[in-house]
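Grab a pencil and work through these exercises with the structure open beside you. Try each task yourself before you read its solution.

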Amino acid sequence: MIRIDELAGRTGEWLRGTGPENDIVISSRIRLARNVAERPFLTVASHKVKAELEAQIRTGLESVNLGPGRLYVSLKDASPVDRQFLMERHLISRDLLNGEGDRGVAIANEETVAIMVNEEDHLRIQVLRSGLQLEEAWREIDRIDDEIAAKLPYAFHAQFGYLTACPTNAGTGMRISVLLHLPALVMTRQIDKVFQALSRINFSVRGLYGEGTQASGNFYQISNQATLGKAETQLITELANVVPEIVKFERHCREKLAKEQKTNLEDRVYRAAGTLRFARSISTEETMELLSSLRLGSHLSLLPDIEPRVINELFISTQPGHLQKHEGRPLSPQERDLARAGFIRGRLGGRV
Amino acid sequence: MASQQKMCETCQESPATVHLTEMSQQQVVLERHLCDTCAAKQGLIGKMQMSLVAELLGNLKDKQKGAAKEPDIRCPDCGILYSDFRGKARFGCARDYDVFRKHVVALLEKIHGATEHVGKRPKGAPKAVPKTATPPKAAAAPKATAAGPATATAAVKPSKGTEEKSKEVVEVMKAKTVATLEKELEKLIKAEEYEKAAKLRDQIRDMKAKKETKE
């Protein structure tokens with residue numbers, strides 16, 4: 001068993017930027033919503049029942065192989081900074097962060113596996129992989145799901161499938177999300193076209209931190225909407241088929257920018273690098289914007305001295321929870337802006 | 001619009017509330033004055049514009065104030081009412097899927113475009129049922145526990161994200177209702193279920209009004 005502080009000193013596998021199509025596809029994620037049979041859903045569960053459920057599920061998970069380096073965090077006991085930190089790393093949802101009562105998350109295998117306990121459903125199982133690796137993620141989550149089912153019988157219905165608190169998740173209980181970085185589609189104003197096409201074929205588009213969040217840093221999450229009526233593998237194939245089309249379109253726009261607006265593009269990238277390397281105070285929003293330009297420049301070979309992995313990590317490690325975890329104390333927003341600028345200078349080798 | 005004295009020309013017993021003017025090339029061919037019952041029997045109401053039907057039911061409702069409320073459905077296990085579910089778009093337990101089955105099927109169809117799970121099944125879980133089979137019982141209907149009806153009010157406070165999702169689902173439900181309830185209204189009128197029809201008519205009107213103010 002490891003501790004939460006040990007996570008802060010390193011990055012999850014999914015952030016390394018090593019997976020297929022990693023210039024555009026940041027990560028592939030699959031989530032399964034499950035409820036334990038014969039227990040009320042959390043919508044009506046009392047504090048006593050929630051406590052019982054958390055204990056029952058923790059015990060059940062103990063004998064399930066989630067991979068090496070296991071950690072269980074009780075959200076009820078965690079500090080506000082730790083909760084924020086876990087959400088920024090995509091290990092818990094905002095709903096679990098803001099929830100109340102007994103609830104937690106089991107994390108394992110370099111943060112590629114995260115199981116939320118007592119979120120909207122009793123279990124929310126997540127497998128995260130870097131780049132476009134949906135089939136790999138499915139194989140892993142399918143195995144984990146089977147192992148859990150052997151310990152904790154699920155609420156399952158012959159016709160409706162896995163029963164969830166919200167009818168939008170019923171059936172497979174599966175949400176597949178691919179996180180994409182699409183700066184060139186935004187700059188060339190093609191992004192709306194992509195969104196319209198995606199919504200016509202029933203995919204939803206959201207920001208970096210999911211529901212209701214802004215698409216800061218030109219990051220977009222594409223997910224399936226329907227969870228019932230199609231097999232898991234079919235849902236995965238449908239998304240896996242559409243992603244390469246978007247990737248191709250983004251690459252085409254990047255090439256076009258590099259060819260037709262070379263000076264503009266270079267100016268944008270190097271100005272971003274200059275600000276990030278020398279700024280003394282910088283907000284999260286400005287950081288996301290500039291890092292997005294930096295990331296684009298890096299993949300267009302304009303910044304040979306900066307590793308793509310360092311840029312990927314900065315998107316997460318400059319978030320408020322991460323900065324406070326790094327500094328080891330709560331910081332006011334002004335203090336955070338100073339700490340953020342200092343942290344970025346350190347990572348990008350700003351010499352002044 | 002109705003002249004109080006005029007009686008239904010078919011039954012000669014009830015006051016005429018339906019007044020039809022059949023036209024042929026701008027010329028009045030035939031004027032008819034019927035009561036609701038006879039008009040419905042002759043299939044005339046069904047052919048009319050819904051606005052006219054609603055108007056009709058408005059008159060009816062005034063006469064029949066205090067009509068019995070349609071009963072809400074309550075899940076015996078978790079204790080939530082169908083109206084609770086409609087408001088929050090969250091089930092209280094697995095059994096709700098069967099207790100509110102009729103509504104659930106329509107809702108799932110609207111959300112997912114499907115009502116049958118075809119994906120993985122836990123080992124030993126019941127096999128998929130053919131569509132003609134009788135509705136299956138929940139594989140895992142929770143028994144009444146200490147967390148039953150008594151704790152139904154101890155709901156988890158929804159965060160912002162949850163609320164947004166709920167709104168979406170509630171919207172989906174509303175969209176469904178307006179579209180299909182008008183058909184149901186017609187059926188009720190034909191079946192002479194005027195009390196229920198009047199209630200439904202008001203419901204449709206409220207929904208439309210809400211939708212308009214939103215837009």
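**Exercise 1. Find how much space the largest cavity holds, and work out what kind of residues surround it.**

*Solution.*
Step 1: Start with the volume. In this predicted model, the largest cavity holds about 60 Å³ of space. The count of cavities of 30 Å³ or more comes to 3.

Step 2: List the lining. The residues around the largest cavity are A:Trp14, A:Leu15, A:Ile26, A:His90, A:Leu179, A:Leu208, A:Phe219, A:Asn312, A:Phe315 and A:Ile316.

Step 3: Sort them by type. You should get 8 nonpolar residues, 2 polar ones and no charged ones.

Step 4: Ask which element gives the most to this lining. That's helix 11 of chain A (residues 308-317), with 3 residues.

**Exercise 2. Decide whether helix 11 of chain A is mostly covered or mostly open, and say what covers it.**

*Solution.*
Step 1: Recall the cut-off: a residue is buried when its relative accessible area is under 20%.

Step 2: Go along the helix and pick out the residues that pass. The buried ones are A:Val310, A:Ile311, A:Asn312, A:Glu313, A:Leu314, A:Phe315, A:Ile316 and A:Ser317.

Step 3: Compare with the length. Of the 10 residues in helix 11 of chain A, 8 are buried, so the helix is mostly covered.

Step 4: Look for the neighbours. The cover over these buried residues includes strand 1, helix 3 (80-88), strand 10 (219-224), helix 10, helix 12 (320-327) and helix 13 (333-348) of chain A.

**Exercise 3. Check the phi angles of A:Glu21 and A:Ser301, then place each residue in chain A.**

*Solution.*
Step 1: Know what to expect. Most residues other than glycine have a negative phi.

Step 2: Read the angles. A:Glu21 isn't a glycine, yet its phi is positive, at about 60°. A:Ser301 also has a positive phi, near 60°, and is a residue other than glycine.

Step 3: Place them. A:Glu21 sits in the loop between helix 1 (4-8) and strand 1 (25-34) of chain A. For A:Ser301, look in the loop that links helix 10 (284-299) to helix 11 of chain A.

Step 4: Check their exposure. A:Glu21 has 30% relative accessibility, so it counts as partly exposed. A:Ser301 reaches 62%, so it counts as exposed.

**Exercise 4. For A:Ala150, B:Pro76 and B:Ala191, find the place in the chain, the exposure and the distance to a partner residue.**

*Solution.*
Step 1: Take A:Ala150, in helix 5 (residues 134-151) of chain A. Its relative accessible area is 65%, so it's exposed. A:Gly60 is 90 residues away along the chain, but the two C-alpha atoms are 9.0 Å apart.

Step 2: Move to B:Pro76, in the loop between helix 3 and helix 4 (82-88) of chain B. With a relative accessible area of 45%, B:Pro76 is partly exposed. B:Gln12 is 64 residues away in sequence, and the C-alpha to C-alpha distance is 50 Å.

Step 3: Finish with B:Ala191, in the loop between helix 7 (160-190) and helix 8 (194-214) of chain B. This residue is partly exposed too, at 49%. From B:Ala191 to B:Ser14 is 177 residues along the chain and 18 Å between C-alpha atoms.

**Exercise 5. Sketch the make-up of chain B and find where the predictor's confidence is lowest and highest among its elements.**

*Solution.*
Step 1: Count the elements. Chain B has 8 helices and 2 strands, and the order along the sequence is β-β-α-α-α-α-α-α-α-α.

Step 2: Look at burial and surface. Of the 215 residues in chain B, 38% are buried. The accessible surface is about 13100 Å², with 52% of it belonging to carbon and sulfur atoms.

Step 3: Turn to confidence. The mean pLDDT of chain B is 65, and 45% of its residues reach 70 or more. Among its elements, helix 3 (residues 50-63) has the lowest mean pLDDT, 43, while helix 5 (residues 96-99) has the highest, 96.

Step 4: Find the weak stretches. Over residues 46-69 of chain B the pLDDT is below 50, and this stretch has 34 contacts beyond near neighbours in sequence. Residues 131-162 of chain B also stay under 50, with 68 contacts beyond four places in sequence.

Step 5: Add the scores for the model: ipTM is 0.90 and pTM is 0.73.

Definitions and conventions: Residues are numbered from 1 along each chain as its sequence is written. Chains are lettered from A and ligands numbered from 1 in the order in which they are written. This is a predicted model: local features need pLDDT of at least 70, side-chain atom pairs count only at pLDDT 80 or more; totals for chains, interfaces and linings use all residues. Side-chain values use heavy atoms; hydrogens and water are left out. On a 1 Å grid over the protein atoms alone, a cavity is a set of points where a 1.4 Å probe fits but cannot get out, and a pocket is an open set with protein on both sides within 12 Å along at least five of seven lines; lining residues have an atom within 4 Å of a point. Grid points are joined across faces, edges and corners, and a volume is the space filled by probe spheres set on the points. Helices (H or I, at least four residues) and strands (E, at least two) are DSSP runs, numbered from the N terminus. Ala, Val, Leu, Ile, Met, Phe, Trp, Tyr, Cys and Pro count as nonpolar, Asp, Glu, Lys and Arg as charged, and the others, Gly among them, as polar. pLDDT is the predictor's confidence in each residue, from 0 to 100. Contact means heavy atoms within 4.5 Å. Buried means under 20% relative accessible area, exposed over 50%, partly exposed in between (1.4 Å probe, protein chains only). Accessible areas come from the Shrake-Rupley method with a 1.4 Å probe; for residues, only the protein chains shown count as cover.
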